[in-house]
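Q: Could you take me through one part of this predicted model up close? I'd like to see how the pieces around the sheet fit together, in plain words.

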Amino acid sequence: STTINFLSRVGDVPEMIVVGVTNTDRTRDLTPTASKESGRETAGGADKFLKFFEDELIPNIDKRYRTEPYKVFAGHSLGGLFAINAFLTRPNSFDSYVAVSPSLWWDGELLLKRTEQAFEKQMAKGTLFISLGNENKRMTGSYDGFKAIMEKNTSPELLFSSQSFQEENHDSVV
């Protein structure tokens with residue numbers, strides 16, 4: 001929120017309402033599937049969590065505050081995975097998506113497969129930005145694979161951009 005305050009004060013972005021959502025189980029809420037490799041019993045609740053955003057949180061914010069119709073979702077790590085999953089499964093929930101160091105390795109790189117399938121159906125509208133810090137091979141490989149799929153399938157309806165920050169790590173890249 002401090003960054004948004006600064007950027008809006010100097011005129012680089014419009015004023016925004018920043019809503020930070022805490023949760024009690026990141027793996028449950030931010031992952032699209034119950035991956036066997038994760039070893040976490042609660043994984044796979046992303047669709048239910050996104051439904052909470054659509055049906056409860058956003059309508060409540062819209063009712064209580066002076067909002068604009070343009071909505072951005074930003075997430076880091078598993079939150080970045082959640083952002084890309086939302087972009088693929090409910091592209092109209094938000095206008096823009098930001099995925100910082102997204103955990104695209106999740107469930108055998110499932111979202112890379114889903115992204116290829118989405119382009120086969122002529123999907124993909126909106127705005128998506130992804131970034132990555134100086135990460136391990138698993139993170140870098142899935143990021144590079146996703147980036148290649150996106151760049152191969154650009155269209156006038158899709159604004160895609162990516163940035164690698166090698167001087168940053170998984171935590172500082174935000």
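A: Let's start with one pair of residues: A74 has V98, in β2, as its bridge partner. Remember as you look that this is a predicted model. A74 belongs to strand β1, residues 72-76. That strand has two faces: F73 and G75 are on the covered one, while V72, A74 and H76 are on the uncovered one. So much for A74's own strand; now for the neighbour. Strand β2 covers residues 96-100, and 5 bridges join β1 to β2, with the two running parallel.

How does the chain get from one strand to the other? Helix α4, residues 78-89, joins in here: β1, α4 and β2 together make a right-handed β-α-β unit.

Now step across to the other neighbour of β2. Strand β3, residues 126-132, pairs with β2 in the parallel sense, again through bridges, and there are 5 of them. If you want a spot to click on, try Y97, which stands opposite L128 in β3.

Zoom out a little and you get the whole sheet. It's an open one with 4 strands, in the order β1-β2-β3-β4, and the pairing is parallel. β1 and β4 (158-164) are the edge strands, each pairing on one side only. On average, neighbouring strands of this sheet are turned by 10° against each other, ignoring direction. As a bit of background, strands of a sheet pair through backbone hydrogen bonds, either parallel or antiparallel.

Next, have a look at two helices: α5 (residues 106-120) and α6 (residues 137-152). Their axes come within 10 Å and cross at roughly 5°. Angles under 35 degrees count as roughly parallel, and therefore α5 and α6 are roughly parallel to each other. Which residues do the touching? From α5 you have E109, L112, T115, E116 and F119, and they meet G141, S142, G145, F146, I149 and M150 in α6. Sorted by class, this contact of α5 with α6 has 5 nonpolar, 4 polar and 2 charged residues.

One last stop is E167, which you'll find in the segment after β4. Is E167 buried or exposed? Exposed means over 50% relative accessible area, so E167, at 60% relative accessibility, counts as exposed. You can also compare E167 with K36: they are 131 residues apart in sequence, and their C-alpha atoms are 33 Å apart in space.

How values were computed:
Residues are numbered from 1 along each chain as its sequence is written. This is a predicted model: local features need pLDDT of at least 70, side-chain atom pairs count only at pLDDT 80 or more; totals for chains, interfaces and linings use all residues. Side-chain values use heavy atoms; hydrogens and water are left out. Buried means under 20% relative accessible area, exposed over 50%, partly exposed in between (1.4 Å probe, protein chains only). Two strands pair if DSSP finds at least two bridges between them. A crossover is right-handed if, with the strands pointing away from the viewer, the path from the first strand over the helix to the second runs clockwise. Axes are lines fitted to C-alpha atoms, for helices over the stretch in contact, and angles run from 0 to 180 degrees between N-to-C directions. Angles under 35 degrees count as roughly parallel, over 145 as roughly antiparallel, 65 to 115 as roughly perpendicular and the rest as oblique. Contact means heavy atoms within 4.5 Å. Ala, Val, Leu, Ile, Met, Phe, Trp, Tyr, Cys and Pro count as nonpolar, Asp, Glu, Lys and Arg as charged, and the others, Gly among them, as polar.
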